[in-house]
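Visitor: Got a minute to walk me through this one? I'd like to get a feel for the fold before I go back to the bench.

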Amino acid sequence: MLRSVLSLVLLAAGPTYATAAGSEDDFKAAYAAAEAANKEAGSLRNQWTTTAATLAAAKKAADAGDFDKATASAKEAEALAKASIFQATSEKTRWKDMEIR
C-alpha cells in the first residue's frame, strides 16, 4: 500500500518537474515548502531518511547554481514528506484493522 501511495504522490508532483523554472526564487519557495512538510512529518514522528537525502541534494544543486535540478529535488522532497505524513496519519488507525479479534 505504501508503494502505491508514494507512486501516486510522485505522479501527482511529476508534471511540476517538467515545468520547473530555473530561478533561485522558485527554488527557495519549493525548498521552504519541502522543509515545512518535512517538519510536519517530524512532528508526527515519521520523517523518512529519503526526504532528508533529497533535501540535501536540492541544497547541493542550488549551491552549484543548478536551480532547475534544485527545484525538482525540492519538489520531490516535498512529495516524499507528504507521503510520510499520509503514512503516519493513515496508520494511526489502520493497525486496528489488523488486530485479531
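**A walk around the chain**

Guide: Sure, let's start at Lys 59: beyond its neighbours within four places in sequence, Lys 59 is in contact with Phe 27 and Tyr 31. Keep in mind that this is a predicted model.

Visitor: How far apart are Lys 59 and Tyr 31, in sequence and in space?

Guide: They're 28 residues apart in sequence, and their C-alpha atoms sit 8.3 Å apart in space. Lys 59 itself is in helix 3.

Visitor: Is Lys 59 buried or exposed?

Guide: In between, actually. Lys 59 counts as partly exposed because its relative accessibility is 41%, and the partly exposed class lies between 20% and 50%.

Visitor: Okay, zoom out for me. How many helices and strands does the protein chain have?

Guide: Four helices and zero strands. Reading along the sequence, you get α-α-α-α.

Visitor: And how much of the protein chain is buried?

Guide: 34% of its 101 residues count as buried. As for the outside, the accessible surface is about 6500 Å², and 57% of that belongs to carbon and sulfur atoms.

Visitor: What about contacts between residues at least 6 apart in sequence: what share join residues at least 24 apart?

Guide: 80% of them do, within the protein chain.

Visitor: Which residues make up the largest nonpolar core?

Guide: That core has 12 residues, and Phe 27 and Tyr 31, the two partners of Lys 59, are among them. The others are Ala 30, Ala 34, Leu 55, Ala 58, Ala 61, Ala 62, Phe 67, Ala 70, Ala 74 and Ala 77.

Visitor: Which elements give two or more residues to this core?

Guide: Helix 2 (24–43), helix 3 (49–63) and helix 4 (67–98).

Visitor: Pick one of those core alanines. What is Ala 61 in contact with, leaving aside neighbours within four places in sequence?

Guide: Ala 61 is in contact with Asp 66, Lys 69 and Ala 70. Ala 70 is a core residue too.

Visitor: Switching to charges. How many salt bridges does the count come to?

Guide: Two. One joins the side chains of Lys 28 and Glu 24, at 3.6 Å from N to O. The other is between Glu 78 and Lys 82, where the closest N and O atoms are 3.2 Å apart.

Visitor: Where do Lys 28 and Glu 24 lie?

Guide: Both are in helix 2, four residues apart, or about one turn of the helix. Glu 78 and Lys 82 have that four-residue spacing as well, in helix 4.

Visitor: Why does a spacing of four places point residues the same way?

Guide: An α-helix has 3.6 residues a turn, so residues three or four places apart point the same way.

Visitor: Is Glu 78 buried or exposed?

Guide: Buried, because its relative accessible area of 18% is under 20%. Its partner Lys 82 is partly exposed at 45%. In the other pair, Lys 28 comes in at 46% and Glu 24 at 40%, and each counts as partly exposed.

Visitor: Back to helix 4. What should its 32 residues span, and how far apart are its ends?

Guide: At 1.5 Å a residue they should span 46 Å, and the end C-alpha atoms are 45 Å apart, which agrees. There's still a bend of about 45 degrees in helix 4, at Lys 92.

Visitor: Now the loop between helix 2 and helix 3. What is the phi of Arg 45 there?

Guide: Positive, about 60 degrees, although Arg 45 is not a glycine. Arg 45 counts as exposed, at 79% relative accessibility.

Visitor: What does Gln 47 contact, leaving aside neighbours within four places in sequence?

Guide: Asn 38, Ala 41 and Gly 42. Gln 47 is in that loop between helix 2 and helix 3, and it's partly exposed at 47%. Its C-alpha is also 9.3 Å from that of Ala 88, which is 41 residues apart from Gln 47 in sequence.

Visitor: And Asn 38, is that one buried or exposed?

Guide: Buried, with a relative accessible area of 12%. Asn 38 is in helix 2, and besides Gln 47 it's in contact with Thr 51, Leu 55 and Ala 81, again leaving aside neighbours within four places in sequence. Leu 55 brings us back to the largest nonpolar core, where it's one of the 12 residues.

Methods. Residues are numbered from 1 along each chain as its sequence is written. This is a predicted model: local features need pLDDT of at least 70, side-chain atom pairs count only at pLDDT 80 or more; totals for chains, interfaces and linings use all residues. Side-chain values use heavy atoms; hydrogens and water are left out. Buried means under 20% relative accessible area, exposed over 50%, partly exposed in between (1.4 Å probe, protein chains only). Contact means heavy atoms within 4.5 Å. Accessible areas come from the Shrake-Rupley method with a 1.4 Å probe; for residues, only the protein chains shown count as cover. A nonpolar core is a set of buried Ala, Val, Leu, Ile, Met, Phe, Trp, Tyr and Cys residues joined through side-chain atoms within 4.5 Å. A salt bridge is a side-chain nitrogen of Lys or Arg within 4 Å of a carboxyl oxygen of Asp or Glu. The expected span of a helix is 1.5 Å times one less than its number of residues. The bend at a residue is the angle between axes fitted to the seven residues ending there and the seven starting there.
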